[in-house]
Amino acid sequence: MKIINYINGEWLEPTVSEYANVINPATGEVIAETPLCGDVEVAAAAKAAATAFPAWRATPAQDRIQYLFRLRDLLKANIDEIGRTITIECGKTLDEAKAEMVRAIENVEVACGMPMMMKGEISEDIAPGIDEIMLRQPLGVCATIAPFNFPGMIPFWYLPYALATGNTYIIKPSEKVSMTMQLIFRLIEQVGFPKGVINLVNGSKDAVDAILDHPAIRAITFVGSTNVAQYIYRRAAENGKRVQAQGGAKNPVIILPDANMEMATNIIADSAFGCAGQRCLAVSLAVTVAEARNTFTELICDAASSRVVGYGLDDGVQMGPVISQISKERVEQLIGLGAKEGATALVDGRGTTIKGYESGSFVRPTVLADVQPGSEIWKTEIFGPVLSMMHVNTIDEAIKLANSHAYGNQASLFTSSGLAARKFRYEVEAGNIGINIGVAAPMAFFPFSGWKESFFGDMHGQGMDAVEFFTQKKVVIERWPKEWSRKF
Ligand code: NAD
């Protein structure tokens, strides 16, 4: 399949010389080619979006959301096909892929409340006869640069809010998984948005740089690794753009001795190994406290070794491959590095081959015990199905350890104590907190709230943060003196 762009309401095949292969990570087959576009295609999309902006902005919000209602219905009706496409190019299981789309749809639904959400404010008589009004107005052309791990969901943390508030849009998917947006844009085409309101440009670094530098693009949202997030944040800010950049993660989970161990293990295993550990909210550092150690270690090793690994479209499979052979090699090297640094691989997923899928990039769930704070394996985001384990004696030590990490995307606690839960919630330095929850993914009406090296910006994605991000406030102070007015 040849991936093409959607610009100004038309499907356009770009004239580029370079393509990136989209590879089914379970079979190793090349299934599509992503054109590596740059300045020319981004400029065309920005022009189309800028031209469409005045009329779209002037369209009442209650009319703009009618398009989103139609999009929501089409996404729902096509969830199986979109899910299959996500599995084929990204590797996660079909259930995981469809669950991702449920979250995408939820964001469209929340954005359909925009006539209410973007209302302004007014204070009468801030001085005698003078009123002050705050209006929210859209910014203009906005863009999203997306990662590979949620090809369907992540653009929807932004797109519905941006459109509903009256902005026009450009999406640049990850070149590794460009088929999902290709399919979703077929639905966007069916919705019948006015030309130029929403555009798709494919590519990698050149397309990103063109977006970062284009003068008509007013705001950028990025999701991906921390190094790239920092680069995007800096360069977009230098160019005077509004920007938010969500970065990588290394999420701790603390297990207290009073936790329900069976429940905790099942939930933690789903979090650490679900989507092959390629979720920014996957727990990756398990910290056992006091006597939680033995029971949890035994149970999590059982859960890791019994997880069914295979092609995400096959029945009964609980975990698919990582995204590529390069990623498989990197994850395996990091497991080796952990062992060199003194950790013990209690369950070792290296060297996995799955019958019938010998060319797939599979790594089985891995449990590394006795990981040392400050070691490379402790610091590095592995982004694979690897759970590192550490042990301490008190909850204070556990929270201190969690807070000493550079990332702050998510932190979880398993306990039956309300007091411990309250302490954790109060003290832990991360933006998304789970109490007896393994993947604390905020619903669409809450912000997706990473902290520290996991987030660069002020306002986050989703909910009211997205409304803030995609609107600029205008304050009007008005006086209408009696003596200047005609009498009626
Ligand atoms: P990535 O940073 O490699 O790529 C993300 C996007 O940036 C892609 O569209 C890619 O084309 C572009 N890109 C890559 N290198 C670039 C460069 N040098 N210059 C400009 N653009 C570049 O990330 P990925 O591997 O696709 O995704 C996995 C990462 O995303 C993980 O670190 C994960 O934690 C993170 N992530 C974070 C969140 C969050 O909410 N914090 C959510 C999902 C994923």
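**View 1. The ligand in the largest pocket of the predicted model.** In this predicted model, the ligand occupies the space of the largest pocket. Two or more residues of the surrounding shell come from each of helix H8 (205–213), strand E10 (217–223) and helix H9 (226–238).

**View 2. Position of the ligand relative to the two domains.** The shell around the ligand draws residues from both domain 1 (5–247 + 454–476) and domain 2 (251–435), so the ligand lies between these domains.

**View 3. Composition of the shell around the ligand.** The ligand is surrounded by 28 residues, of which Ala146, Lys172, Glu175, Ser225 and Glu381 come nearest. Sorted by class, the shell comprises 15 nonpolar, 9 polar and 4 charged residues.

**View 4. Backbone atoms close to ligand oxygen and nitrogen.** Ala146, one of the nearest residues, places a backbone N or O atom 2.7 Å from an oxygen atom of the ligand. At Gly247, a backbone N or O atom lies 2.8 Å from a nitrogen atom of the ligand.

**View 5. The Glu381 side chain and burial of the ligand.** Glu381, also among the nearest residues, has a polar side-chain atom 2.6 Å from an oxygen atom of the ligand. The ligand taken alone exposes 850 Å², and the protein buries 88% of that area.

Terms used
Residues are numbered from 1 along each chain as its sequence is written. This is a predicted model: local features need pLDDT of at least 70, side-chain atom pairs count only at pLDDT 80 or more; totals for chains, interfaces and linings use all residues. Side-chain values use heavy atoms; hydrogens and water are left out. A residue is near a molecule or strand if one of its heavy atoms lies within 4 Å of it. A polar contact is a pair of N or O atoms within 3.5 Å; within protein, one must be able to donate a hydrogen and the other to accept it, and residues adjacent in sequence count only if both atoms are side-chain atoms. Accessible areas come from the Shrake-Rupley method with a 1.4 Å probe; for residues, only the protein chains shown count as cover. On a 1 Å grid over the protein atoms alone, a cavity is a set of points where a 1.4 Å probe fits but cannot get out, and a pocket is an open set with protein on both sides within 12 Å along at least five of seven lines; lining residues have an atom within 4 Å of a point. A molecule sits in a cavity or pocket if more than half of its atoms lie within 2 Å of its grid points. Helices (H or I, at least four residues) and strands (E, at least two) are DSSP runs, numbered from the N terminus. Ala, Val, Leu, Ile, Met, Phe, Trp, Tyr, Cys and Pro count as nonpolar, Asp, Glu, Lys and Arg as charged, and the others, Gly among them, as polar. Domain bounds come from an automatic or database domain assignment.
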